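User: Got a model open here and want to go over its backbone oddities. Can you walk me through them?
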Amino acid sequence: MAWVAGKPLVIEEVNVNPPQAMETRIKVVCTSLCRSDITTWESQAIFPRIFGHEATRIVESVGQGVTEFTVGDHVLTVFIGVCGKCRQCTSGKSNICEVLGLERRGVMRCDQRTRFSINGEPIYHYCAVSSFSEYTVVHSGCAVKISSVVPLEKVCLLSCGVAAGLGAAWNVADISNGSSVVIFGPGTVGLSVAQGAKLRGASQIIGVDTNPEKGENEKAFGITAFINPHDSKDPIQQIITLKGSLFGGWKPKSDLPSLVDMYTKKEIQVEEYITHNLPFEDVNKAFNLMREGKCLRCAIHIEK
C-alpha cells in the first residue's frame, strides 16, 4: 500500500471487511501495473491508499442481493462498472454507467466508506478495485465472470490495457482495411491499438515515441514504422483528427467475455504484452521498470 505520494509501497497487514449489499470480496490471483496507477501515485491524491486495478480474482464471498456470482467464480475486475439499469447502460451508446462510473473518492458507493483499515483507520480504495492486495472488496457491477479454464495470470491484462487499446481501434476509431494509423506513445494500450489495426487490415501503422528502445519490439504487435520526434526537425503531423475513448468503448459485462473467448481461440495477443513476472513483494520494482520505460506490463503474482 502507499502511505504518501511518490514514496515506495510497503506491505502491511490490512483488515478487509466483509462485503456489504451488492458487493463481493475477492481473492486476488494476479494483477498488473498500469500507467494510471503510477500517475495517481505520483500526484497529491487521497492517501493512504491501495493501488492496482488490472486484475484477475476468485470470488471469496458475496454480500446481500448478489445473485450473479457464487464463491469460487473466476472474475476480471474493471474500473468502470455496469449497473444495467441507468440511462447510459440501457442506451447502447455509452459505456460510462451513471451509477458505477469512474470512482475518484476512494470509497465504496453504497455507504461512502472504505472496506480496508489498519487499527481502525481507513485505507482508501483506488479505481473501485484496489488489486495490490491479497483480498479486496468491489461492487458486483465492477466484476465480470469469465471462464474458469483461462490462465488468470495472463488474462488480467484484459481488465484494462489490452481491452482499452483493442476497443479504441475497433469501437471508436473503427479502423478499416487499408487505413493508415498513427499511434502516439505505443505502450501496452497503444500497441493494443496497433494489434487491433493490424487485425482490421490497416496498411500502415506508425508508432511515435521518444524512447528509441521500443522501436524493434513494436513490430511484433503490428507497427510498420517507428518515428522518434527527437530525430526530426519537421513536425510529425500537420493535422490530426483525434478520437477519445474510455476503456475502448467496451461495456464490461457483455463485451469482456467475448475478448476472453478470442484470447482462448488465439485470435488476439494478450500475454505477449507481459514483459516481466514479479512476486508481490517486488511491486516497487514494477513501478521502477515502468517509470524507466523498460516494460510493457509487469504481472504481479499475489497468490503463491
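User: Is Ala128 buried or exposed?
Analyst: Keep in mind that this is a predicted model. Ala128 has a relative accessibility of 7%. The cut-off for buried is under 20%, so Ala128 counts as buried.

User: Where does Ala128 sit in the fold?
Analyst: In a loop. Strand E6 (121–123) comes before that loop, and strand E7 (135–139) follows.

User: What is phi at Ala128?
Analyst: About 65 degrees. That is a positive phi, although Ala128 is not a glycine.

User: And what about phi at Ser130?
Analyst: Positive too, at about 55 degrees. Ser130 is not a glycine either.

User: Which loop holds Ser130?
Analyst: The one between E6 and E7.

User: What is the relative accessible area of Ser130?
Analyst: 0%. Ser130 is therefore buried.

User: Switching to peptide bonds. Which residues does the cis peptide bond join?
Analyst: Phe47 and Pro48. Omega there is about -5 degrees.

User: Where is Pro48 placed?
Analyst: In the loop between helix H1 (35–42) and strand E3 (54–62).

User: Last topic, annotation. What does UniProt place at residues 22–146?
Analyst: A domain feature, "Alcohol dehydrogenase-like N-terminal". The UniProt entry is unreviewed.

User: How much helix and strand is there over residues 22–146?
Analyst: The chain is 10% helix and 30% strand over that stretch.

User: How far apart are the end C-alpha atoms of residues 22–146?
Analyst: They are 19 Å apart.

Key. Residues numbered from 1 in each chain as written. Predicted model: local features only at pLDDT ≥ 70, side-chain atom pairs only at ≥ 80, totals over all residues. Heavy atoms only, no water. Helix = DSSP H or I, 4+ residues; strand = E, 2+ residues; numbered from the N terminus. Buried < 20%, exposed > 50% of the residue type's maximum accessible area, 1.4 Å probe, protein only. UniProt positions renumbered as here; feature names shortened; annotations may be inferred.
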